[in-house]
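Work through the exercises below with the model open beside you. Try each task before reading its solution.

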Amino acid sequence: MRRLLNLCFKNRVFNKTPPHLETSSIDIMEKPPTSNAHEEDTLHPQGLGANMEAQPSTSNADISLPSESPNNEPMDSHYSNNIIINHDFSGGLHLWHPNSCEAFLVSQETTRPKGLSDKLSAPFAVITKRKQQWQGLEQDITDRVSPFSVYNVCAFVGISSGASGNQEHVLATLKLEFEDNSVRYLFIGRTCASTENWEKVEGTFSLSAMPRRVVFYVEGPSPGVDLLVKSVVISCISFSQCESDKQKCALFDGEENIIQNPRFEDGLNNWSGRGCKIALHDSMSDGNILPVSGKFFGSTENRTDYWNGIQQDITGRVKRKLAYDFIATVRIFGNNISTANVKATLYIQTADLREQYIGVASVQATDKDWVQLKGKFLVNGSPSRAVIFLEGPPPGTDILLDNLIVKRAAKAPPASPPVVENAAFGVNVIANSNLNDGTNGWFPLGNCNLSVGNGSPHILPPMAKDSLGAHEPLSGSYILVTNRTQTWMGPAQMITEKLKLYLTYQVSAWIRVANHASKPQNINIALGVDGQWVNGGQIESSDDKWHEIGGSFRIEKQPTKVMVYVQGPEAGVDLMVAGLQIFPVDRRARFRQLKKETDLIRKRDVILKFSSSDSATLVGTSVKIRQTQNTFPFGTCINRSNIDNEDIVDFFAKNFNWAVFENELKWYWTEPQKGNLNYKDADDLLSLCANHNIQLRGHCIFWEAESSVQSWIRNLNKDDLTSAVENRLAGLLTRYSGKFKHYDVNNEMLHGSFYQDRLGKDIRAHMFKTANQLDPTATLFVNDYNIEDGCDARSSPEKYIEHILDLRAQGGPVGGIGVQGHINSPVGPVVRSALDNLGVLGLPIWFTELDVSSDNEFVRADDLEVMLRESFAHPAVEGVVLWGFWELFMSRDNAYLVNAEGDLNEAGKRYVALKQEWLSRARGRIDEQGKFEFRGFYGVYEVEVEVANDVSKEKMVKASFVVDKGEGPIVISINL
């Protein structure tokens, strides 16, 4: 099965992390990327070499192998088409990973460890502390291989002198992970490696289908024997070998690929430069750059801007409402740039001359190796022109293109729910959590000291008490961490064998810092999962009191090592940890409880009082009640291009009663250049929603994140910026007065401060006050992210409350609380705790940008159900808006409910099923008092009554009524 980490705190990394676990920080949540953490490989299912499906090459007569030096060492001059990155370890161990063992580099400068022969020339990698034969060195090559191509493998390997003899078998292997979670191993080749010379392991392989993940690795010596790797070359022999098979060649040249002359076999025909020149090559850089798939490749020349590139017009060949896969092989060259981002973009011009740029794919390309650029796209309308092009590197750096495929995307195979056996819900996986056995089971991360103190709370943290199973009371003992010289130092414990894939784990503990801290301290419960940092919860402590910390995580990919540790305070600040609990949550049990709470707050007793000219005939008459609409707001974001796809519009209109524009109302969209106003896209969306009676949220008037502020605004002085702000308020709110029920006034103020830094603290309240004056009918919201998940100290519910109270104290008419809801692995009690805290303000709470993400559709569906049920069962929540629903039109990967071509996936089915569950139905008979009573959700209903008459003896009478929100029973009179 594919092993994928769903991080609780995606791409928002706590700033006090061990050096080996550091990750970059991003402070904008509107379009969060998905963090798919790379992890080590699993065990062989049947032992070393089991289930191997190919044989090593036995004859090399028709295969062009890399050259060798006289002493049997590889030479680099012929490796320009090598798909292995850092093949000779000149970049250290970059992109190489030891598989459940350890590795280090021996270079010319380092002292050679004992047991390694001086005859083995450096640099080379040493793979050590091997306990199994299959443990070795690996590299993920998924993005650099293609089906039906033939690849040659040549690696130079050796062993340490710790071997029982002077020779050991070394193997080259591929691990293939498929969409249905199956795993296969492909044997490539084997050699007898020695301690004195580099030996060559070689073979060939070809893939008949493209797996979800392809990992190359070297393995094989006996446990305890160090494996040495000098270099690895994997080169595509030639695509021409498949030309006798027309079906295979269709990958490039047949009807499937809509790109003409995809490998430049016809020179530069069908290709052109976009703002620059292009050229044809059979080689570059004195023969060090060679084509991969054919005899030629194309390149740009004289690029003077980032958008310059190589392009092909595909007008008439790309069909609307069909999903296309995009696969290109690219690299960069020139201008002393070694790495740069290369992007694929689709330019669309519609019949009414609207222009659209669709981001298709992006990859970090280098000047040393060819890499694959992969993506997927869908065109909603019928374009009058369509052009696919590459762009991205800095001016002066050329883009090299070896081949390009754009073909109809294959249908994904049916998804399967994960199988989890013996799930011990509510059982803590932390050993000696209560410290009854001192610090046994714990170890210090770093050179800090652990001891046991007394005086911590005896009660469970509130977030844990509802979901933790049977447990003993907390002992009152805590771990005291002293002598901390780095922020990441703290208590740690290995929990690798105690976790199960796809279960969602809740994290809970009491945390405290020593009273000698001079300022507020961030504290984080973290997990190290094969070198990847996973956030289990984060708080800020500004006193010496005990604080609850809570969070969640899930692992979807089999790890080799999982360590939990507590970190965060500044060096020198003592840390105290009590009652750490990590346990899987029983979501179904939680759902049962939420259903009861939902019935209490979202339903009302209804009394239908019937009357007619002959009331006596009504007694015993059959009544059938059907709710046609639940008036609770369920919405989604949409964008202008969605209008062109009637399938998207149809799903939108049938399943949502509120909407928000993804970008079209943002300032950078409505005024990209000073005075260049664009309200047409917003107007079009406004008309669509009006036609379907869909209410609107206005998102957003301003955005505090500087990276989301257009350049002309960033370049204004204070006076001009003040004037621009006033013009923005007046222009937007006057134009759309009364059209939007809500406005997000200044987006993400907890995470950005562009306007406040330049115009002063009062500007935020001023924005609210002015917006209220210009459109008093709109409810004005604050809107921010990471409020509900316990994973961001900057945006805890307490910080949000303080922020809102501060705005209101300055006269800012804050009328609603926006919780974006870009969440991972949600746990009900953690979400509920945040909502309870925010609810004390008495303001309506909306989830304004809700999305959840998982590769597995069933897990994604469960995550979505958690968030929808928690929202619907909470009295302070008055609406939920999803941040999209259609594949390729969401800012977050693996979050969609509907596949690109309109198929409802498991998450979509779950959403529709919940909407149906929250529609009431009832049937029965009118009683002697002419009444029929039932309890139902707020919303619109139809009633059908069979009424007797003199002509046909009975007739069906239909009527409609509305159950409004309110206290006590509602009496509705219906005259038949």
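Three exercises follow, all on a predicted model.

**Exercise 1. An open sheet**

Task: Give the strand order of the open sheet of 5 strands, and find which strands stand at its edges.

Solution.
Step 1. Trace the pairings. The order is S3-S4-S11-S6-S9, and the pairing is antiparallel.
Step 2. Look for strands with a single partner. These are S3 (102-106) and S9 (199-206). They stand at the edges, so one side of each has no neighbour in the sheet.
Step 3. Take the twist. From one strand to the next it averages 30 degrees.
Step 4. Check one edge pairing. S3 and S4 (residues 124-128) run antiparallel and are joined by 5 bridges. Within this pair, Leu105 of S3 has Ala125 of S4 as its bridge partner.

**Exercise 2. Strand S7 and its partners**

Task: Determine how many residues of strand S7 are buried, and what this says about its setting. Then describe how S7 pairs with S8 and with S10.

Solution.
Step 1. Count burial, using under 20% relative accessible area as the cut-off. In S7 (residues 167-177), 9 of the 11 residues pass, so the strand is largely enclosed by the rest of the structure.
Step 2. Pair S7 with S8 (residues 183-194). They run antiparallel, with 11 bridges between them. Val170 has Thr191 in S8 as its bridge partner.
Step 3. Inspect the connection. S7 and S8 make a hairpin with 5 residues between them. In the turn, Asn181 has a positive phi of about 75 degrees.
Step 4. Pair S7 with S10 (residues 213-219). This pairing is also antiparallel, with 7 bridges. Thr173 has Tyr217 in S10 as its bridge partner.

**Exercise 3. The two sides of helix H6**

Task: Compare the span of helix H6 with the expected value. Then establish where its buried residues lie around the axis, and what covers them.

Solution.
Step 1. Take the span. H6 (residues 680-691) has 12 residues and reaches 17 Å from first C-alpha to last, close to the 16 Å expected.
Step 2. List the buried residues: Asp681, Ala682, Leu685, Leu686, Leu688 and Cys689.
Step 3. Place them around the axis. They cover an arc of only 160 degrees, which puts them on the same side of H6.
Step 4. Recall the helical repeat. An α-helix has 3.6 residues a turn, so residues three or four places apart point the same way.
Step 5. Turn to the other side of H6. Ala690 and Asn691 are exposed there.
Step 6. Identify the cover. Among the elements over the buried residues are strand S34 (634-638), helix H4 (646-655) and strand S36 (695-703).
Step 7. Look past the end. Asn693 follows H6 and has a positive phi, near 55 degrees.

Note on methods. Residues numbered from 1 in each chain as written. Predicted model: local features only at pLDDT ≥ 70, side-chain atom pairs only at ≥ 80, totals over all residues. Heavy atoms only, no water. Pairing = 2+ DSSP bridges. Helix = DSSP H or I, 4+ residues; strand = E, 2+ residues; numbered from the N terminus. Axes fitted to C-alpha atoms, helices over the stretch in contact; angles between N-to-C directions. Buried < 20%, exposed > 50% of the residue type's maximum accessible area, 1.4 Å probe, protein only. Expected span 1.5 Å × (residues − 1). Arc of directions from axis to C-beta. Contact = heavy atoms within 4.5 Å.
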